[in-house]
Amino acid sequence: MANVLWLQGGACSGNTISFLNAEEPTVVDLITDFGINILWHPSLGLELGDDLQQLLKDCVSGKIPVDILVFEGSVVNAPKGSGEWNRFAGRPMKDWLADLSKVAGFVVAVGDCATYGGIPAMEPNPSDSIGLQFLKRKEGGFLGTDYRSQAGLPVINIPGCPAHPDWISQILVAVATGRVGDITLDEFHRPQTFFRSFTQTGCTRNIHFAYKATTQDFGQRTGCLFYDMGCRGPMTHSSCNRILWNRVSSKTRAGMPCLGCTEPEFPFYDLKPGTVFKTQTVMGVPKDLPPGMNKKDYALMTVVAKDASPSWANEDFFTV
């Protein structure tokens, strides 16, 4: 049996809500079929007050082993490095985190705030928020570049705003069942099984992307969202169109641009008005292009693609 302790720092609880909606496997499956014992969770834990403090102290002392420490939300250091803005169970959350990370078999950061600092770490960052082992693209974070858990691994990052529920549950299963050796982490400590491909992989709008056929408004079922609507699907590492949300859909399939929330730079353009849902261009060429593509080749490809675009490229294939 693997003991899981889930704590929450500067967060909106979005990843908790996402996790509780996991389907393959479900939270119930984690407990009944995969031997996971949830020591405490913000929405599931029964202990409060003195009982919770004692539980955490027993975890720090080693009396209760912490096989997997899951952290959701940013690490809040304000004011002046004290962390007093985010107190939990009688002391700053960052102090509990520092102690528990030393005894944890594995540490898993869930969501953008825990992995990269997320929205709380946006300038001017009044809460002095930071991720567990990264601040945006810079490695280090709260635990430091050299941090390794008792199992010898860095923090396993599962980014997203929120993270897909099945990304979370499947990684917990892999760790709890001794198959962590099957997990290969990328440069940002993300499991490659979920974050090697791009959000564009599996997107139903790929035919529109290829022929430069654009959409003009939210919710439309035809056209690509990249050219005008600011979609970051071609540049964002995630499996959102391979492992569908609720096994039904994804943002791009529903006519909503990908915001690139699994990348360290999220939120892009610091959420300035007119930048989030509008593709930023220079002389008609998007400022941000898919990896490996230069502006000259893109311009040439655009001319050829539009000239070769068949009439059916703009048809609504979903009309019954």
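This is a guided tour of a predicted model, with residues to select at each stop and a description of what is there.

Residues are numbered from 1 along each chain as its sequence is written, and side-chain values use heavy atoms, with hydrogens and water left out. Because the model is predicted, local features need pLDDT of at least 70 and side-chain atom pairs count only at pLDDT 80 or more, while totals for chains, interfaces and linings use all residues.

**Stop 1: the annotated domain**

Begin by selecting residues 12–174, which an unreviewed UniProt entry annotates as "domain: NADH:ubiquinone oxidoreductase-like 20kDa subunit". UniProt positions are given here in the numbering used for this model, feature names are shortened, and annotations may be inferred rather than shown by experiment. Over residues 12–174 the chain is 31% helix and 18% strand, and the C-alpha atoms at the two ends lie 26 Å apart. Helices (H or I, at least four residues) and strands (E, at least two) are DSSP runs, numbered from the N terminus.

**Stop 2: Cys12, Cys113 and Cys161**

Next select Cys12, Cys113 and Cys161, which the unreviewed UniProt entry lists for "binding site". Although they are spread over 150 residues of sequence, they cluster in space, with a largest C-alpha distance of 9.9 Å. Cysteine 12 sits in the loop between β1 (2–8) and α1 (14–19), and it counts as exposed because its relative accessibility is 66%. Cysteine 161 lies in the loop between β11 (156–158) and α6 (165–176), and with a relative accessible area of 41% it is partly exposed. The classes are buried for under 20% relative accessible area, exposed for over 50%, and partly exposed in between (1.4 Å probe, protein chains only).

If you show the surroundings of cysteine 161 and leave aside neighbours within four places in sequence, you will find it in contact with Asp112, Cys261 and Phe266, where contact means heavy atoms within 4.5 Å.

**Stop 3: Cys240, Cys258 and Cys261**

Now select Cys240, Cys258 and Cys261, where UniProt (unreviewed entry) also places the feature "binding site". These residues span 22 residues of sequence and cluster in space, the largest C-alpha distance being 11.0 Å. Cysteine 258 and cysteine 261 can both be found in the loop between α8 and β12 (281–282).

Cysteine 261, again without its neighbours within four places in sequence, is in contact with Asp112, Gly160, Cys161 and Phe266. Cysteine 258 is buried, with a relative accessible area of 8%, and its contacts beyond four places in sequence include Thr199, Gly230, Cys231 and Thr252.

Follow one of these contacts to threonine 199, which is in the loop between α7 (192–195) and α8 (206–210). Threonine 199 counts as buried because its relative accessibility is 4%, and among its contacts beyond four places in sequence are Ser238, Cys240, Asn241 and Cys258.

**Stop 4: the largest pocket**

Select Cys161, Cys240, Trp245, Lys251 and Cys261, which lie nearest the centre of the largest pocket among its 19 lining residues. About 330 Å³ of space lies in this pocket, and its lining includes Cys240, Cys258 and Cys261.

On a 1 Å grid over the protein atoms alone, a cavity is a set of points where a 1.4 Å probe fits but cannot get out, whereas a pocket is an open set with protein on both sides within 12 Å along at least five of seven lines, and lining residues have an atom within 4 Å of a point. Grid points are joined across faces, edges and corners, and a volume is the space filled by probe spheres set on the points.

**Stop 5: the enclosed cavities**

The model has 3 cavities of 30 Å³ or more. The largest cavity holds about 180 Å³ of space, and Gly230, Arg232, Tyr269, Thr275 and Val276 are the closest to its centre of the 18 residues that line it.

The second largest cavity has a volume of about 90 Å³, and of its 14 lining residues, Gln200, Cys203, Cys224, Cys231 and Pro234 are the closest to its centre.

Finish with cysteine 203 and cysteine 224, which are buried because their relative accessible areas are 11% and 7%. The sulfur of cysteine 203 is 6.8 Å from the closest cysteine sulfur, in cysteine 231, which is too far for a bond. For cysteine 224 the closest cysteine sulfur is also in cysteine 231, at 6.3 Å, again too far for a bond. With a disulfide defined as a pair of cysteine sulfur atoms within 2.5 Å, the count comes to 0 disulfides.
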